Amino acid sequence: MTKKPRFTGLNKFLLEFLSIFIGVFAAFALDNWNEDRKDHITEMSILQEINNGLKQDVLDIQVNTKGHEYGIIAIQHFRNIVLNVPVKNDSITFHYFNLFRDFVSVQNNSGYETLKSKGLEIISNDSLRSKIIALYEGDYNTIRKLEEEYDELQFQENYYKDFNTKMSPYYQLDSLGTLKDMTFPVALPTSDKNQVLSDFWKMQNNRVFIIQYYLEVEKRIKALQAEIDKELH
């Protein structure tokens, strides 16, 4: 009759140690899995929030771009008036409104602020994380400074008063003081005409500059949206 092998004290100790080790390791692995799962859920939620904000940012950029384009059209309209080139003045109120119009940069930063509060490293894709940071810390700050702080883009402050001083003798206003038409010809002294025209040239170049920057940033936003969509799906 064959005897069953008996566990020695060492064998029992090793078995118990192995059981404990497996249990601890499994618990640790499960805890890590849970943390990774939570981080992934948080990452996807933040990316979705950023993506939603970017959609609104594109619309805001397009509105400002269109506003600057209207500003350039207004510059050409009043340039023709100063040069006594015939114009259709039925839209003069619209052009006058757009001539010196300034803009502010409205950016939806809530998703990015959430990301910073959770830690930038929660975005696991290094390339995507770098592009998000570059957009919010670089491009958006540049746009804000250009629109709100860059002196040459403050059209109302820099050009409005001087332009009106020279041109107001030719304004035709209604009973409410709204510009409805102008008296022609506009006979400005050469020095005044040259100053107004040079101001127009400077205004137009600065509007073209900010439009070009907006278009580049819009491209980068849309490329970033495409990358985020890949991560989300």
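This passage describes the nonpolar core, one helix, a surface patch and two backbone features of a predicted model. Residues are numbered from 1 along each chain as its sequence is written, and side-chain values use heavy atoms, with hydrogens and water left out. Because the model is predicted, local features need pLDDT of at least 70 and side-chain atom pairs count only at pLDDT 80 or more, while totals for chains, interfaces and linings use all residues.

The largest nonpolar core (a set of buried Ala, Val, Leu, Ile, Met, Phe, Trp, Tyr and Cys residues joined through side-chain atoms within 4.5 Å) has 49 residues. Buried here means under 20% relative accessible area, exposed over 50%, and partly exposed in between, with a 1.4 Å probe and protein chains only. Phe-163, Met-182 and Phe-200 have the most contacts inside this core. Two or more residues are given to the core by each of α1, α2, α3 (110-118), α4 (126-148), α5, β2 and α6; α1 gives the most, with 12 residues. Helices (H or I, at least four residues) and strands (E, at least two) are DSSP runs numbered from the N terminus. In soluble globular proteins, nonpolar side chains tend to be buried together.

Helix α5 spans residues 155-167, and its buried residues are Phe-155, Tyr-159, Phe-163, Asn-164, Lys-166 and Met-167. These buried residues line one face of the helix, because they fall within an arc of 155° seen down its axis, the arc being that of the directions from the helix axis to the C-beta atoms. Exposed Glu-157, Lys-161 and Thr-165 are carried on the face turned away from the buried side of α5. With residues up to four places away in sequence not counted, Phe-163 touches Phe-78, Tyr-96, Leu-99, Phe-100, Tyr-171, Val-196 and Phe-200 (contact means heavy atoms within 4.5 Å).

At the surface, Tyr-70, Ile-73 and Phe-94 make a nonpolar patch of about 280 Å². Patch residues have over 30% relative accessible area and no salt bridge (a side-chain nitrogen of Lys or Arg within 4 Å of a carboxyl oxygen of Asp or Glu); like charges are joined within 9 Å and nonpolar side chains (Val, Leu, Ile, Met, Phe, Trp, Tyr) within 5 Å. Accessible areas come from the Shrake-Rupley method with a 1.4 Å probe, and for residues only the protein chains shown count as cover. Ile-73 belongs to helix α1 and is partly exposed, at 45% relative accessible area.

Two backbone features lie in loops. Asn-84, between α1 (9-82) and α2 (92-99), has a positive phi of about 60° although it is not a glycine. A cis peptide bond, with omega about 0°, joins Phe-184 and Pro-185; Pro-185 is in the loop between β2 (179-182) and α6 (190-232).
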